[in-house]
Amino acid sequence: MNDKLKNLYKTQILTYAKDSTYEGELPYATNTLEAYNPMCGDKYTIYLLIKEGAVIDAKFKGYGCAISKASTAILVEKIIGKELSKIESLVAVFLDVINEQSKHKPETLTSDEALLAFAATREFPERKKCASLSWDAARNMNL
Amino acid sequence: MINPKTIRAQFPIFSQKTPNGLPLIYFDNAATTQKPQSVIDAISGFYAGYNSNVGRGTYWPATEATSSFESVRAQVKDFINATSSKEVIFNAGTTDGINKVMNSHLLPHLNAGDEVIVTEMEHHANFLPWQHACELKGAKLRMVPLIDTGDLDYKAFEAMLTPKVKFVAVTAVSNALGVVNDVVRLTKMAHAVGAKVLIDAAQWVTHKKIDVQALDCDFLVFSAHKLYGPTGIGVLYGKTELLDAMPPLAYGGGIVESVTLEATAFRGLPHKHEGGTSNIAGVIGLGAAIDFVNGLGLENMHESTQLLCNYAIEKLNLIDGITVLGAPKERAAVTSLTVDNAHPHDVSAFLGEKGIAIRAGHHCAQPLMDKLQVPSTCRLSFGVYNTIEEVDQAIDALIEVRNFFA
């Protein structure tokens, strides 16, 4: 495997892709997000329990490539316990990390290693949608 | 037996390197084939040498353009064994051909309560137009199921056939699984209840010789770009009496004898159905593609690609963690597979970095993916320039991916 590819499929990303900690339904969810890419069929439902302007708990269910699955798992992990207003800026930071046209170097945007793991997506524009799929849904959630 | 290595030299794309500096190994021939130099030269030769509109100009180069254009029509007639060149209508491709038959032939004849039959393995191009027609007219769209091997359930099809069935649209070869359908039998069965039949020959055109008279199908469609020809050009074959009875597929210039406010008299076949300026360069390119195929011999091409496909499947079937989908009676040089724990897009990204182009996705056949209970697959499809060594490299890469995601 070449270095470019190794960079995309970092251990961290693969670990999240294989980890089922955040997988499943949330029976007491107050909101759900649907993330779907009709071009490839990747599809996730993200279940949220929102109380007093914050995400108390979250889980996801669905199917997709390692990149989209890991990024969904990381989204879920990062938003649990967060106020909705802070989620908005978190999502903006992540989408900038993976944006190959961004003026900012990824490491100047965040020090969060889980988010930075996706910076290599900048080298694979065709996989950007995989990384952003669930985050785009979160950006548009209008809660 | 043809030699892929010498054929390869005729395709300039293989002298390119991928962005990683590797040779291109191209296994996405079911999506589109690469183009030989002769096709590229024919297209640029038209633009550089005798560019003009066709049909009406009485000057050179219009005369030369028209005669080249019409000679390709005759070439296509022979290629598919139509009874007349009038039965060969040029269009933008398979999708365009199917939509035009739906609009111009089926819609005027379809009534509420009628039925249209497609199969579970159709490409969306041979599914959505019929679904649209049925929704519009209150007709019922039915789907012939597959059996476990991936073959069509012919008994189920027989049971569906009643006088209510007005139209049957079926692919000759599944673009996702490579399953070859017995279109002669299907056509005969459909005709027994008076239904008209359209055959989607997009994948078949490089598989075996098409003989529309032997098939007795009412319509048949294919694209040039899966036949080593250019994109944006395709062929609609239709039986003369059906094409004659149909209103123009597209209204525009070049299709009339005379026009007044009260009445328009249309030209005869095939011009009635080719409104507007055709993709002339595309037609010229299609002619060169047919020359290329005839030069190699369709049977030789079939033998070569089939050998690669069978070899790949035999090897893949021995590998734990890789599953080849379907085991049909007859398969064209296309196969779908899945790798345990690895999503097809991850697999194709891995192979892509090694210069190996395979297709991952639902292959525009979502009803089929539902049937197979997979969201998507990896597909390898073979062309005349592919070699055994390339197949080995692809299989080694698939094993590497399997190990990585295990």
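## Report on chains A and B of a predicted model

Y228(B) has a relative accessible area of 2% and is therefore buried. The model described here is a prediction. Y228(B) sits in the loop that joins β7 to β8 (234-238) of chain B. Although Y228(B) is not a glycine, its phi is positive, at about 70°.

**Backbone features of chain B**

Most residues other than glycine have a negative phi, and most peptide bonds are trans. Besides Y228(B), D216(B) has a positive phi, about 65°, without being a glycine. D216(B) belongs to the loop between α8 (212-215) and β7 (219-223) of chain B. With a relative accessibility of 36%, D216(B) counts as partly exposed, whereas Y228(B) is buried.

Chain B also contains cis peptide bonds. One of them runs from W60(B) to P61(B), with omega near 15°. P61(B) lies in the loop between α2 (37-49) and α3 (62-80) of chain B. Another cis bond leads from L269(B) to P270(B), and its omega is near -5°. P270(B) is part of the loop between β10 (264-266) and α10 (280-296) of chain B. The backbone values are set out below.

| Residue or bond | Feature | Value |
|---|---|---|
| D216(B) | positive phi | about 65° |
| Y228(B) | positive phi | about 70° |
| W60(B) to P61(B) | cis, omega | near 15° |
| L269(B) to P270(B) | cis, omega | near -5° |

**Two buried residues of chain B**

S174(B) is located in the loop between β5 (165-171) and α7 (183-192) of chain B. Its relative accessibility is 0%, so S174(B) counts as buried. Leaving aside residues up to four places away in sequence, S174(B) touches M121(B), V179(B) and L368(B). From S174(B) to M189(B) the separation is 15 residues in sequence and 20 Å in space, C-alpha to C-alpha.

E115(B) is placed in strand β3 (residues 115-119) of chain B. A relative accessible area of 6% makes E115(B) buried as well, since the cut-off for burial is under 20%. Again not counting residues up to four places away in sequence, E115(B) is in contact with K140(B), R142(B), M160(B), T162(B), K164(B), V165(B), K166(B) and F167(B).

**The α4-α5 helix pair of chain B**

Helix α4 (residues 94-109) and helix α5 (residues 128-137) of chain B have axes that come within 9 Å and cross at roughly 30°. Angles under 35 degrees count as roughly parallel, and α4(B) and α5(B) are therefore roughly parallel to each other. Their crossing is right-handed. On the α4(B) side, the contact involves I98(B), N99(B), V101(B), M102(B), L106(B) and L107(B); on the α5(B) side, it involves P129(B), W130(B), H132(B), A133(B), L136(B) and K137(B). By class, the residues in this contact are 9 nonpolar, 2 polar and 1 charged.

**Overall form of chain A**

Chain A has 7 helices and 3 strands. Along the sequence these elements follow the pattern α-α-β-β-β-α-α-α-α-α. The radius of gyration of chain A is 14 Å, close to the 15 Å given by the globule rule for 143 residues, so chain A is as compact as a globular protein of that length. Its C-alpha trace spans about 45 × 30 × 25 Å along the principal axes.

Of the 143 residues in chain A, 51% are buried. Among contacts in chain A between residues at least 6 apart in sequence, 57% connect residues at least 24 apart.

Definitions and conventions
Residues numbered from 1 in each chain as written. Chains lettered and ligands numbered in written order. Predicted model: local features only at pLDDT ≥ 70, side-chain atom pairs only at ≥ 80, totals over all residues. Heavy atoms only, no water. Axes fitted to C-alpha atoms, helices over the stretch in contact; angles between N-to-C directions. Helix = DSSP H or I, 4+ residues; strand = E, 2+ residues; numbered from the N terminus. Parallel < 35°, antiparallel > 145°, perpendicular 65-115°, else oblique. Left-handed = near helix turned anticlockwise from the far one by under 90°. Contact = heavy atoms within 4.5 Å. Nonpolar A, V, L, I, M, F, W, Y, C, P; charged D, E, K, R; others polar. Rg over C-alpha atoms; globule rule 2.2 N^0.38 Å. Buried < 20%, exposed > 50% of the residue type's maximum accessible area, 1.4 Å probe, protein only.
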